[in-house]
Amino acid sequence: MIWNPEKECLSRKEYDEIQLERLKWIVNRAYDRVPFYKRRFDEIGLKPEHIKTLKDIELIPYTTKDDLRDNYPFDLFAEPMDKIVRLHASSGTTGKPVVVGYTKNDMEVWKENIARLAAAAGVTNKDVVQIVFGYGMFTGGFGLHQGLEHMGATVIPSSAGNSERQLMFMEDFGSTVIVGTPSYVLHLAEVAEEHGLTRDKHKLRVGLFGGEGHTAEMRQQIEKRWGIICTENYGLTEVQGPGVSGECLEHCGMHINEDSFYYEIIDRETLKPIDKEEEGELVLTTLTKEGIPMLRYRTKDITNIEFAPCKCGRTTARMTKVKGRTDDMLIIKGVNVFPSQIEGVILGMDKISPHYMLYVRNEGFMDTLEVQVELADGSLLESYSELEKLTREIRAKIKGNLLIDAKVTLVGPKTIERFTGKAKHVVDLRNK
Ligand code: DLL
């Protein structure tokens with residue numbers, strides 16, 4: 001079901017018109033109300049009235065995470081605090097977090113955007129939805145919660161962690177949809193198997209994943225183990241949280257909420273805008289955000305846009321799967337590689353579980369990579385020759401696909417850390 005055909009099935013011309021009108025509106029607001037933007041514009045002699053076409057957006061300087069940090073906590077807000085009804089913050093590990101504020105209207109738009117992606121994944125008001133994202137400053141829990149409640153689904157805000165209790169709710173409340181990070185939903189599958197929660201004892205049918213990427217191989221594992229169909233959605237705190245884009249059941253990219261976000265793709269090195277269909281860094285501009293307008297925010301996420309019509313009937317442009325973040329890219333002996341590419345290679349193999357860790361080290365002047373892979377079956381540990389053989393196979397497959405020579409270490413079942421939120425797959429041990 002298409003949640004809002006009037007907004008999700010427009011012609012390209014209609015999207016362009018809406019985007020241009022809203023772009024002008026937000027640029028004016030940002031200039032008039034946020035001293036940071038006024039300063040940025042004045043420094044280069046740019047005035048809001050210079051934005052006459054969508055392409056003119058390229059005149060505006062980029063905004064980065066550092067700009068949000070430098071203006072911590074509220075200096076980028078375009079509304080006084082009595083108009084701000086919610087704060088969220090990003091999950092940065094170092095320094096001050098990024099703080100964002102929402103007005104009542106921002107909350108309405110957010111709900112609508114989530115309802116659209118949930119409907120695209122086949123969720124309806126008859127579903128019982130268990131949200132296993134963390135609630136709190138992270139936008140995942142509350143973001144999905146409000147949108148799903150808005151569409152009339154029954155929401156179980158069970159939050160992340162306490163896996164056995166999650167399974168009890170799932171069985172007793174008859175959850176039909178699970179919403180969380182793919183790594184946690186995968187971990188829950190493992191706990192379910194240990195506790196004998198078999199397919200006949202639960203009613204799950206759909207998974208909504210986001211907050212981190214996952215490869216097609218990882219999705220297959222999760223779908224098989226739970227017996228469900230999964231879609232993914234994308235977003236980031238700085239521009240709203242979840243709700244930027246979401247996949248439909250055709251699984252051919254994530255439909256962007258074009259009436260809320262203007263998207264550009266820029267070259268990773270030159271930082272110049274490139275053809276949107278080419279791969280590069282995604283830059284987003286909010287088109288409706290009252291609380292904290294974001295002009296040309298550099299997401300650091302690598303993707304590209306597809307415009308070809310989708311069979312589902314929605315006409316919105318789609319983002320392809322995020323390949324990784326520019327700051328997660330590893331350079332191993334001169335070869336660029338994203339952790340997701342390694343995941344894609346190893347998860348397609350037999351005898352190993354979908355859990356892995358990557359250790360990057362400095363040896364001499366070289367960066368080296370150790371790929372730690374967990375065995376699915378512990379009995380293999382008893383046969384040295386089998387282990388040797390599997391290690392050689394994995395190494396050859398990584399080399400064949402990604403041209404990097406990695407050290408492969410096999411470890412026993414359930415030895416690699418499991419995550420309830422976003423998984424951490426890379427340990428960087430290089431001296432910087
Ligand atoms: O993760 C918002 C979100 C919550 C989206 C729940 C979807 C579902 P942040 O914590 O600010 O916000 O992290 C944003 O997470 O820049 C991406 O690098 C990554 N990310 C989010 N969704 C995906 C995805 C939320 N589907 C950062 N695929 C983003 C790949 C994703 N990466």
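Colleague: What makes the Asn233 pair with the ligand a polar contact?

Modeller: A nitrogen atom of the ligand sits 2.8 Å from a polar backbone atom of Asn233. A polar contact is a pair of N or O atoms within 3.5 Å (within protein, one must be able to donate a hydrogen and the other to accept it, and residues adjacent in sequence count only if both atoms are side-chain atoms). At 2.8 Å, the Asn233 pair is within that limit, so it counts. Bear in mind that this is a predicted model: local features need pLDDT of at least 70, side-chain atom pairs count only at pLDDT 80 or more, and totals for chains, interfaces and linings use all residues. Numbering runs from 1 along each chain as its sequence is written, and side-chain values use heavy atoms, with hydrogens and water left out.

Colleague: Which atoms of Gly211 and Asp301 lie 3.1 Å and 2.6 Å from ligand atoms?

Modeller: For Gly211, a backbone N or O atom lies 3.1 Å from a ligand nitrogen. For Asp301, a polar side-chain atom is 2.6 Å from a ligand oxygen. The protein buries 93% of the 610 Å² that the ligand exposes when taken alone (Shrake-Rupley areas with a 1.4 Å probe; for residues, only the protein chains shown count as cover).

Colleague: How many residues surround the ligand, and which are the closest?

Modeller: There are 21, and the closest are Glu232, Asn233, Thr237, Asp301 and Lys422. To be near the ligand, a residue needs one heavy atom within 4 Å of it. Strand S7 gives the largest share of that shell, five residues. Helices (H or I, at least four residues) and strands (E, at least two) are DSSP runs, numbered from the N terminus.

Colleague: Why is Ser183 called buried?

Modeller: Ser183 has a relative accessible area of 9%. Buried means under 20%, exposed over 50% and partly exposed in between (1.4 Å probe, protein chains only). With 9%, Ser183 falls under 20%, so buried is the word for it. Ser183 is part of helix H8 (residues 182-194), and its side chain makes a polar contact of 2.3 Å with that of Glu212. Leaving out residues up to four places away in sequence, Ser183 touches Glu212, Phe419, Gly421, Lys422 and Ala423; contact here means heavy atoms within 4.5 Å.

Colleague: Why are Lys351 and Lys414 called partly exposed?

Modeller: Lys351 has a relative accessible area of 40% and Lys414 has 47%. Both values lie between the two cut-offs, so partly exposed fits.

Colleague: What makes the phi of Lys351 and Lys414 worth a remark?

Modeller: Phi of Lys351 is near 70°, positive in a residue other than glycine, and Lys414, also not a glycine, has a positive phi of about 60°. Most residues other than glycine have a negative phi, and most peptide bonds are trans. The bond from Tyr72 to Pro73 is cis, with omega near -10°. Pro73 is in the loop between helix H4 (65-70) and strand S1 (84-89).

Colleague: What makes a set of residues a nonpolar core?

Modeller: The members must be buried Ala, Val, Leu, Ile, Met, Phe, Trp, Tyr or Cys residues joined through side-chain atoms within 4.5 Å. The largest such core has 64 residues, of which Val123, Leu148, Val179, Leu208 and Leu284 touch the most other members. Helix H5 (residues 104-120) contributes the most to this core, seven residues. Another core, of 45 residues, lies apart from it and includes Trp226, Val371, Leu387 and Ala406.
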